[in-house]
Amino acid sequence: MSNVILKNLTKKFKEIIAVDNVNIEIKDKEFAVLVGPSGCGKTTTLRAIAGLEEATSGEIYIGDKLVNDVQPKDRDIAMVFQNYALYPHMDVYNNMAFGLKLRKFPKKEIDQRVQEAAEILGIENLLKRKPKQLSGGQRQRVAVGRAIVRKPKVFLFDEPLSNLDAKLRVAMRAEISKLHRRLEATIIYVTHDQIEAMTMASRIFIMNEGRVLQIGAPLEVYRKPNNKFVAGFIGSPAMNFIDSKIVKENGDYFIDAESFKVKAPQAFYSKIADYAGKEVIFGVRPEDLHDKQFVSKITPSIFNTINTKAEVIEPLGAEIFIYLTCGKHSVIGKMDSRTQIEVDQSMEVVLDMEKTHLFDPKTLLVIV
Amino acid sequence: MKISLTRLLIYIILAIFSIFYIIPMYIMVVTGMKSFAEVSLDTMWNLPNSFNFNSFSLAWLGSIKEGFRGISGSFLNSVFLVVPATVISALFGSLNGYVLTKWQFRGSDLIFTMILFGMFIPYQSIIIPLVLTLQRLHVYGTIPGLILVHVIYGIPISTLIFRNYYVTVPTEMVEASKIDGANFLGIYRWVIFPLSTPGFAVAMIWQFTSIWNDFLFGLIITPNPASQPITVALNNLAGSYIVQWNVQIAGALLTALPPILIYIFLGKFFLRGLLQGSLKG
């Protein structure tokens, strides 16, 4: 078993709390992605698992073994660093073989493992090169190779793609996913990029200010964020948030944002009954804003349509991002690419109300 | 054209400074070539009448007739002093720098400051306790005693050089090797040491020069001519009755030769190392 359990893990740097009482279990063979903005404690959490940071309090288990006082080399982990941290004076072969040599593996086995890893990563022809003769993507592969030759229980990745250009990042994303299936190992992957998290993770752990805010499969956290931070962090462009009020009229509930008023779906009623007359934050994803002309699955009506004006138009080809204003509010819509509009033109936008969210403005937790 | 004019000005200024700095060297070379009869303040600037290396061989071999030892006997003393002292102090500096940057502990910055403080203690102020200590250790008057003093006095500067260099070596590399399975010494041996060439170039060239050029420690710690370094022997060339300037100056040139050669041939490593330590990152 190579699961990783963190119990009440806290890490303080002097007075600053980097990791605040984190309790998570990463399952065997899982691809766990810790994601959050910079300074959220994700890297510190990873480094604590690696043994590079000592936990201020709490327990760390790897494969059911308490490892708080175990040296990094004896934790049976391998780590891929953001800047690769290759040894510049060793060639690629020796970069990968270094850990095995230190562990006194027989030469034959070292050879075989390095060869195998090099084949998996497609770097067989680079084994004699020094790191400075490699491109960024090749260095990345060597760093991964150095991790896989050791056949550790758990792989730790610290923002491994952030130094690559955008195109390469997309390609490496797919490769790391493939690698995960092939190695059947537990991977803990840290990133600030929610797209990496969404595309690779079995489960996403969203962190902010040292705490884990939500854990779930990518689509689960996308569809059912349990607080405003997660809702805003997952998804791109980010969810639109609009300060509104719940009003009850003739047994129906409406979301009133002053500049517009839409009707809450029936399914929301039981949960929003207590909020009648109170302030809420109305959340709607850009992809749930539709140009009235191209809306198909939902029926436009006065209850879900708002009048807006286009401010900025960003055609991306497959879709079009439109920055809209509606009275004092600004929202972003991700629209059908057929949408024809020019700046300052008005536009009728239909909201997919079933997919919207409401948040409590005080606790920032989701209401529905 | 404006650019080339400023260039021209720069070159002129540089040339003036170069000449200014090279004048003493000129005087030394021409005086060294002169015979004793030719040496006088009036003819100081003149070229020698003939190329004559007698004063160099006199300075090197000495003269029993005229009652002075040459510097040749002390040349090897200096080599046996400088080489180990340079290597050992660079190694200590490297280990210190490694610990102070990659294994920081509570109070490590304070210790670094205190090590640096050692640079500002004037030699003269510690001479009496130094001699007493060396006598207790039974190394007073010997080359190993002199090596010990230079190693200790070299620790602050070489620690500073290596610390500043190792700051530019990514700490992730040390962390990667920790995970790869290396321990404190293993990381030094396999990762840090092989990357230290620029640091060693700077520290060793620096140490070589300053130990070679040291006069005070040699004078005080090795009163016995058999173990004196070359700088002390150079001073003793002065003889007892008359000062032969041409021989003195020839000896000074010979004594200064090794550091000059090192700078000429290894100067680029020195500069490169200095730049890597301070500007990169």
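A crossing of two helices is left-handed if the near helix is turned anticlockwise from the far one by less than a right angle, and right-handed if clockwise. The model shown is predicted, so that local features need pLDDT of at least 70 and side-chain atom pairs count only at pLDDT 80 or more, while totals for chains, interfaces and linings use all residues. Residues are numbered from 1 along each chain as its sequence is written, and chains are lettered from A in the order in which they are written.

**View 1. Helices α3 and α9 of chain B cross in a right-handed way.** Helix α3(B) (residues 72-102) and helix α9(B) (residues 197-213), both DSSP runs of H or I with at least four residues, numbered from the N terminus, pack at an angle of about 140° with their axes 9 Å apart. The axes are lines fitted to C-alpha atoms over the stretch in contact, and angles run from 0 to 180 degrees between N-to-C directions. Because angles under 35 degrees count as roughly parallel, over 145 as roughly antiparallel, 65 to 115 as roughly perpendicular and the rest as oblique, α3(B) is oblique to α9(B).

**View 2. Residue A252(B) lies in helix α12 (residues 245-278) of chain B.** A252(B) counts as partly exposed because 19 C-beta neighbours lie inside 10 Å, where 20 or more would make a residue buried and 12 or fewer exposed, with C-beta atoms placed from the backbone. Leaving aside neighbours within four places in sequence, A252(B) is in contact (C-beta atoms within 7 Å) with M28(B) and L234(B).

**View 3. Chain A meets chain B.** Here 17 residues of chain A are in contact with 14 residues of chain B.

Key: Two residues are in contact if their C-beta atoms, placed from the backbone, lie within 7 Å. Helices (H or I, at least four residues) and strands (E, at least two) are DSSP runs, numbered from the N terminus.
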